[in-house]
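User: I'd like to practise reading a structure feature by feature. Could you take me through this one?

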Amino acid sequence: MVSDYAGWRRWVFDHPVAGEGERAWYFAGGEMAFDPEADAENALLWVTRLFDEANLLPDDFSMAQIGQGLWFLIDPSGSSHMFALTNPAIPFARRAKGIASIAALYRGLFDPKCSRATGGRKLHSICAVFWSVAPFAPMGRTAASTEQDQAFLAVLEKVAVLENPVCRKSVLEALDFWKGAYPERAQAIRTRITG
């Protein structure tokens, strides 16, 4: 079992990359080395650190390994790590740091590396569909939910000004989910991208 950040990071990324038509390591079955639902506090802490330090990932792993590992973390069909960012059992101040770290993931890794040429297919695809697969949706019914929503919208605003067109496209797709609850804010973010 994984018990520290360094071991968890290796466990997420240090695997052979599945080829076309092959299943990724995390679909192979068997016991997982870390359960983010049983240890949501560490899941949040480690995801936050990973995203904040995303620019360091290429020092240790191939772009294909990074893309595969991010698919595992972000897509709920791979793992439930992302639910830690919205888990109401964890104080919002800590979750807010985790949500804010998404902007660092975009700025430090996706913006410079997210293209088929530099990042490969897996990294490019998770960058492009991040907001479509991550389990984040506007809540907006209580003060706490609104606070969480505002944190996600702040991330979208930060990503909207990045140069990489794949990053900006992912924000445009996200806004389709957020425009119903926050039409003015969503339109303002869209205008930043489309002019």
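User: How many positive and negative side chains does the protein chain have, and how far apart do the centres of the two sets lie?

Analyst: Happy to start there, with one reminder: this is a predicted model. For charge, count both signs and then compare where the two sets are centred. The protein chain carries 20 positive and 22 negative side chains, and their centres lie 6 Å apart.

User: What does the secondary structure of the protein chain come to?

Analyst: Count the elements, then read their order. Here there are eight helices and zero strands, and the pattern along the sequence is α-α-α-α-α-α-α-α.

User: How does the radius of gyration of the protein chain compare with that of a compact globule?

Analyst: The idea is to set the chain's value beside the one expected for its length. For 195 residues a compact globule would have a radius of gyration near 16 Å, and the protein chain agrees because its value is 16 Å. For the extents, the C-alpha trace spans about 45 × 40 × 30 Å along its principal axes.

User: Which share of the residues is buried, and what does the accessible surface come to?

Analyst: Buried here means under 20% relative accessible area. Buried residues make up 49% of the 195 in the protein chain. The accessible surface comes to about 9200 Å², with 53% of that belonging to carbon and sulfur atoms.

User: How much of the contact set comes from residues 24 or more positions apart?

Analyst: Leave out the short separations and see what share is long-range. Among contacts with a separation of 6 or more, residues 24 or more positions apart account for 71%.

User: Which residues touch the most other members of the largest nonpolar core?

Analyst: To read a core, look for its best-connected members, then ask which elements feed it. This core has 68 residues, and Trp8, Leu70 and Phe110 touch the most other members. Each of the helices α1 (5-13), α2 (40-52), α3 (63-74), α4 (92-113), α5 (120-133), α6, α7 and α8 (183-194) supplies at least two residues. The largest share, eight residues, comes from α4.

User: What does Trp8 touch beyond its sequence neighbours?

Analyst: Setting aside residues up to four places away, Trp8 touches Val2, Phe34, Trp46, Val47, Leu50, Leu73 and His81. Trp8 is also one of the buried residues of α1, alongside Tyr5, Gly7, Arg9, Trp11, Val12 and Phe13.

User: Is α1 mostly covered or mostly open?

Analyst: A useful background idea is that an α-helix has 3.6 residues a turn, so residues three or four places apart point the same way. In this case α1 is mostly covered, with seven of its nine residues buried. Those buried residues pack against α2 and α3.

User: And within α2, what does Thr48 touch?

Analyst: Read burial first, then partners. Thr48 sits in helix α2 and counts as buried because its relative accessible area is 11%. Beyond four places in sequence, Thr48 touches Lys97, Gly98 and Ser101.

User: Where is Cys114 found, and what does Cys114 touch?

Analyst: Loop residues deserve the same two checks. Cys114 is in the loop between α4 and α5, and it is buried, with a relative accessible area of 1%. Leaving out residues up to four places away, Cys114 touches Leu109, Leu123, His124, Cys127, Asn164 and Val166. Cys114 and Cys167 are 53 residues apart in sequence and 7.8 Å apart in space, C-alpha to C-alpha.

User: What can be said of Asn164, on the other side of that contact with Cys114?

Analyst: Asn164 is in the loop between α6 (143-160) and α7 (165-178). It is buried at 9% relative accessible area, and its contacts beyond four places are Phe110, Asp111 and Cys114.

User: Which residues is Leu162 in contact with?

Analyst: Leu162 lies in the loop between α6 and α7 and counts as buried at 13% relative accessibility. Apart from neighbours within four places, its partners are Tyr106, Arg107, Asp111, Cys167 and Arg168. For Leu162 and Tyr106, 56 residues apart along the chain, the C-alpha atoms are separated by 8.4 Å.

User: For contrast, is Asp35 buried or partly exposed?

Analyst: Asp35, in the loop between α1 and α2, counts as partly exposed at 39% relative accessibility. Its C-alpha atom is separated by 29 Å from that of Cys114, 79 residues apart along the chain.

Definitions and conventions: Residues are numbered from 1 along each chain as its sequence is written. This is a predicted model: local features need pLDDT of at least 70, side-chain atom pairs count only at pLDDT 80 or more; totals for chains, interfaces and linings use all residues. Side-chain values use heavy atoms; hydrogens and water are left out. Helices (H or I, at least four residues) and strands (E, at least two) are DSSP runs, numbered from the N terminus. The radius of gyration is taken over C-alpha atoms; the globule rule is 2.2 Å times the number of residues to the power 0.38. Buried means under 20% relative accessible area, exposed over 50%, partly exposed in between (1.4 Å probe, protein chains only). Contact means heavy atoms within 4.5 Å. Accessible areas come from the Shrake-Rupley method with a 1.4 Å probe; for residues, only the protein chains shown count as cover. Lys and Arg count as positive and Asp and Glu as negative; His and the chain ends are not counted. The place of a charge is taken as NZ of Lys, CZ of Arg, CG of Asp or CD of Glu. A nonpolar core is a set of buried Ala, Val, Leu, Ile, Met, Phe, Trp, Tyr and Cys residues joined through side-chain atoms within 4.5 Å.
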